[in-house]
Amino acid sequence: MKVSILDDYHDTLRTLDCFKKLKGQDVEIWNDHVQDVDALAERLKDTEALVLIRERTQIRAPLLERLHKLKLISQRSVYPHIDIDACTRLGVIVSSNMHAGAPSYAAAELTWGLVLAAMRQIPQQMAALKAGTWQIGVGHSLRGKTLGIYGYGRIGGVVAGYGKAFGMKVLVWAREASLARARADGYAVAPSKQAFFETCDVISLHMRLLDATRGIVTAADLARMKPTALLVNTSRAPLIEAGALEHSLQAGRPGMAAVDVFEQEPVLGARHPLLAMDNVVCTPHIGYVTRDEYETQFADIFDQIVAYAAGKPIHVVNPEALDSKNKRA
């Protein structure tokens with residue numbers, strides 16, 4: 001089977017142990033990022049199974065309609081970048097394991113790294129030292145402060161544990177079912193969303209991007225934060241109302257931000273307003289980008305291809321595509 005892998009920036013996948021799962025398949029790996037439909041249609045014209053690395057490439061109807069040999073898209077996690085309806089209409093199966101069994105410890109670890117980096121001004125202090133100066137300011141400690149976890153899922157729960165280990169008070173805001181889990185785990189929950197944003201010294205977002213969560217953090221929410229507070233987003237940029245974070249930081253509430261995600265990725269040429277702000281720490285969506293996490297994720301992705309090749313697709317998110325009237329031969 002012809003397998004194409006997009007956006008493997010550092011040519012990492014062929015070096016993973018789990019890559020052996022594709023032995024016997026005709027695999028082509030692309031290391032650059034291309035979004036142009038004509039270019040992608042040419043690259044993928046013979047592709048039967050397409051491997052996506054998270055949401056790096058948008059897969060929409062104008063492209064899908066030109067990929068006449070495509071039978072399977074295999075990836076992991078959520079899929080707002082894939083036109084599922086078009087896939088179903090065209091008989092393309094989408095397999096995506098939602099990793100229900102375990103959190104992404106890599107993403108949780110990066111989240112905590114960003115908290116420390118922003119609160120202690122680590123990137124700014126390093127840049128100053130390399131530029132020939134000494135200390136440039138005074139940072140903030142974490143012990144005794146309040147860590148807000150917005151969205152208490154698998155990753156949020158791990159980050160809450162990190163905060164507790166650092167001597168922070170943990171306060172949770174989420175939908176009711178998640179608040180019940182937080183209470184069961186011994187964490188306090190905020191009486192209201194307003195109180196949550198007003199109280200916390202650090203707020204970390206841990207939600208999936210869905211229609212219900214898009215823009216869920218508003219400019220009014222951010223304006224309630226302390227001028228010494230930090231907002232951390234390692235989930236998805238559109239969880240925050242468009243433009244609200246930049247304007248709120250300029251207004252001084254919150255006083256700091258640390259982000260790993262952007263509305264349009266990749267961000268090249270430093271063309272994003274957050275990159276020009278001294279009170280923001282930015283990383284290029286590396287929350288899941290570790291060799292250990294790649295082994296976990298791509299073992300699942302390659303298993304989905306093997307299962308499809310054996311005639312037994314797994315983790316199918318559009319089972320209607322399995323209908324004989326739609327399924328591609």
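Me: Which residue in S4 is the bridge partner of Ala-49?

Reply: In this predicted model, Ala-49 has Leu-72 of S4 as its bridge partner.

Me: What makes S3 and S4 a pair of strands?

Reply: Three bridges join S3 to S4. Pairing requires at least two bridges, so S3 and S4 count as paired, and they run parallel.

Me: How do you know that strand S1 is paired with strand S3?

Reply: Three bridges connect S1 (residues 2-5) with S3 (residues 49-51). Against a requirement of at least two, S1 and S3 therefore qualify as a pair. Their direction is parallel, and Ile-5 has Val-51 as its bridge partner in S3. Helix H11 (residues 291-309) packs on the sheet, where it touches S1, S3, S4 and S5, and its direction makes about 155 degrees with that of S4.

Me: Why are strand S4 and S5 said to pair?

Reply: S4 (residues 72-76) and S5 are joined by five bridges and run parallel. The threshold is at least two bridges, so the two strands pair. In one of these contacts Val-94 of S5 is the bridge partner of Ile-73. Between S4 and S5 the chain passes through helix H3 (residues 84-90), giving a β-α-β crossover that is right-handed.

Me: What makes strand S2 and S5 edge strands?

Reply: Five strands form an open sheet, in the order S2-S1-S3-S4-S5 and with parallel pairing. S2 (26-29) and S5 are its edge strands, since each pairs on one side only. From one strand to the next, the twist averages 20 degrees.

Me: Are the residues on the faces of S5 buried or exposed?

Reply: They are buried on both faces: Ile-93, Ser-95 and Asn-97 on one side, Val-94 and Ser-96 on the other. For S5 (residues 93-97) as a whole, five of its five residues are buried, and the strand is described as mostly covered. S4 also has five of its five residues buried. Its two faces carry Leu-72, Ser-74 and Arg-76 on one side and Ile-73 and Gln-75 on the other.

Me: Why does Gln-297 count as buried?

Reply: Gln-297 has a relative accessible area of 3%. Buried means under 20%, so Gln-297 is buried. The residue lies in helix H11. Leaving aside neighbours within four places in sequence, Gln-297 is in contact with Arg-54, Arg-76 and Tyr-288.

Me: Why does Gly-186 count as exposed?

Reply: The relative accessibility of Gly-186 is 64%. Exposed means over 50%, so Gly-186 falls in that class. The residue is located in the loop between helix H7 (176-184) and strand S8 (188-189). Val-170 is 16 residues away along the chain, and the C-alpha atoms of the two are separated by 9.5 Å.

Me: Why is the aromatic pair of Tyr-288 and Tyr-294 called stacked?

Reply: The model has 10 aromatic pairs. In the pair of Tyr-288 and Tyr-294, the distance is 6.3 Å centre to centre, with 20 degrees between the planes. Ring centres must lie within 6.5 Å to pair, and planes under 30 degrees apart count as stacked; the pair therefore meets both conditions. Tyr-288 and Tyr-294 are both buried. One aromatic cluster includes these two residues together with Phe-19, Phe-298 and Phe-302.

Me: How do you know that the charged end of Arg-54 sits close enough to the ring of Tyr-288 to count as over it?

Reply: The charged end of Arg-54 is 4.6 Å from the ring centre of Tyr-288 and sits over that ring. The distance condition is within 6 Å, so 4.6 Å satisfies it. For Arg-56, whose charged end sits over the ring of Tyr-9, the distance is 4.0 Å.

Me: What makes S8 and strand S12 stand at the edges?

Reply: Seven strands with parallel pairing form an open sheet in the order S8-S7-S6-S9-S10-S11-S12. S8 and S12 (280-282) each have a single partner strand, so one side of each has no neighbour in the sheet.

Me: Why do strand S7 and S8 count as a pair?

Reply: Two bridges join S7 (residues 169-173) to S8, and the strands run parallel. Pairing needs at least two bridges, so the condition is met. Val-172 stands opposite Val-189 in S8.

Me: Which strands does helix H10 lie across?

Reply: H10 (residues 244-251) lies across S10, S11 and S12, at about 150 degrees to S11.

Key
Residues are numbered from 1 along each chain as its sequence is written. This is a predicted model: local features need pLDDT of at least 70, side-chain atom pairs count only at pLDDT 80 or more; totals for chains, interfaces and linings use all residues. Side-chain values use heavy atoms; hydrogens and water are left out. Rings of Phe, Tyr and Trp (its six-membered ring) pair if their centres lie within 6.5 Å; planes under 30 degrees apart count as stacked, over 60 as edge-to-face and the rest as tilted. Buried means under 20% relative accessible area, exposed over 50%, partly exposed in between (1.4 Å probe, protein chains only). A charge sits over a ring if NZ of Lys or CZ of Arg is within 6 Å of the ring centre and within 35 degrees of the ring normal. Helices (H or I, at least four residues) and strands (E, at least two) are DSSP runs, numbered from the N terminus. A crossover is right-handed if, with the strands pointing away from the viewer, the path from the first strand over the helix to the second runs clockwise. Axes are lines fitted to C-alpha atoms, for helices over the stretch in contact, and angles run from 0 to 180 degrees between N-to-C directions. Contact means heavy atoms within 4.5 Å.
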